[in-house]
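Reader: I am new to protein structures, and I would like to work through this one step by step. Could we begin with a pair of strands and build up from there?

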Amino acid sequence: MKISVVTTLYKSERFVIEFYERMITTLLKLTEDYEIIFVNDGSPDNSNLEVLKLRDEDTNVKLVELSRNFGHHKAIMTGMNYVTGDYVFLLDIDLEEPPELLLEFYLTMDQQNVEVVYGVQNKRKGKYLEKISGFFFYKIFNLMSEVTIEENILMARLMKSNYVESLKEFKEKELFLGGVFALVGFSQISVPVQKGSRPDTTYTFKKRMSLLVNAITATSNRLLIYVFYLGLIVSLTSFIGILYFGIKAAFYKDYLIGWSSLIVSIWFLSGLIISCIGVLGIYLSKIFNEIKDRPLTVVAKVYK
């Protein structure tokens with residue numbers, strides 16, 4: 001059997017050697033037929049040069065150079081277009097998830113006879129804000145999305161080639177891999193993983209919020225349906241309010257118009273209208289990006 005490993009490079013220079021050494025040690029416990037594919041996602045450091053040094057000593061090491069930074073998920077999908085193995089193992093290079101997981105995942109896959117084994121955090125890492133934001137991310141996503149994903153899933157996963165081939169059939173440019181992994185189907189099982197934490201992560205709060213918006217709008221149209229029902233509820237409430245105040249003005253002489261409540265109502269409805277238009281705008285931008293049919297990424301060079 002042949003195992004393909006896919007990982008991405010972005011400010012990863014200091015991780016390359018240790019990642020490679022630990023991955024090789026684990027791979028050789030399973031097979032001597034392997035390949036390790038590094039996808040350089042426009043890394044500003046010398047990550048690619050470190051990989052090329054490894055390639056001089058190990059011809060099973062491959063490097064896919066992207067023309068610029070396209071994003072983690074898009075880089076992962078690009079890397080999977082170059083795999084040739086019977087099994088494909090995805091893992092981030094930062095070593096927060098240990099390369100030794102490959103052996104555990106393979107044994108689980110063999111015992112459970114499934115197509116996919118993926119990691120889930122035992123306990124969400126990070127500080128209080130990171131834990132809270134992660135909790136709400138999955139709750140909001142599963143509420144809004146048509147597919148449900150397990151909370152605290154990791155990129156680490158081992159997949160059989162038939163699953164990978166089906167995964168590559170998904171051609172959308174607005175990509176959230178967590179949703180796509182679930183949409184592909186097949187038999188999948190999770191394994192609890194103790195994930196490490198690094199204080200110098202490049203995954204900022206801004207990126208997390210962007211991921212949440214993209215995840216929901218890229219995998220489901222349910223948000224548009226909720227916006228419709230919200231508008232319907234506001235309209236019905238307003239109609240009831242009109243009847244109430246109309247009757248009160250007609251039959252009660254002491255009826256007074258409250259300017260404060262009027263202004264607050266205007267602000268509320270204006271904000272609601274702007275928010276709804278914003279949701280529509282997000283979906284229109286997704287359609288705009290999809291119909292242009294641009295490539296997911298641009299590959300500058302491939303070192304095989």
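Reader: Which residue in β4 does I3 stand opposite?

Author: In this predicted model, strand β1 covers residues 3-9 and pairs with strand β4, residues 87-90, in the parallel sense over four bridges. Within this pairing, the residue that I3 stands opposite in β4 is Y87.

Reader: In what order do the eight strands form the open sheet?

Author: Strands of a sheet pair through backbone hydrogen bonds, either parallel or antiparallel. Here the pairing is mixed, and the edge strands, each of which pairs on one side only, are β7 (188-193) and β8 (299-303). The twist from one strand to the next averages 20 degrees. Read across the open sheet, the order is β7-β5-β6-β4-β1-β2-β3-β8.

Reader: What angle does the direction of helix α3 make with that of β1?

Author: Helix α3, which spans residues 72-80, packs on the sheet and touches β1, β2, β3, β4, β6 and β8. Taking the direction of α3 against that of β1, the angle is about 150 degrees.

Reader: Which helix gives the most to the largest nonpolar core?

Author: In soluble globular proteins, nonpolar side chains tend to be buried together. The largest nonpolar core in this model has 36 residues, and F19, M23, L27, I36, F38, F89 and F105 are the ones that touch the most other members. Leaving aside residues up to four places away in sequence, F19 touches nine residues' worth of neighbours named V5, T7, I36, F38, L91, D92, I93, L95 and P99. With six residues, the helix that gives the most to this core is α1 (residues 16-27).

Technical notes
Residues are numbered from 1 along each chain as its sequence is written. This is a predicted model: local features need pLDDT of at least 70, side-chain atom pairs count only at pLDDT 80 or more; totals for chains, interfaces and linings use all residues. Side-chain values use heavy atoms; hydrogens and water are left out. A nonpolar core is a set of buried Ala, Val, Leu, Ile, Met, Phe, Trp, Tyr and Cys residues joined through side-chain atoms within 4.5 Å. Buried means under 20% relative accessible area, exposed over 50%, partly exposed in between (1.4 Å probe, protein chains only). Helices (H or I, at least four residues) and strands (E, at least two) are DSSP runs, numbered from the N terminus. Contact means heavy atoms within 4.5 Å. Two strands pair if DSSP finds at least two bridges between them. Axes are lines fitted to C-alpha atoms, for helices over the stretch in contact, and angles run from 0 to 180 degrees between N-to-C directions.
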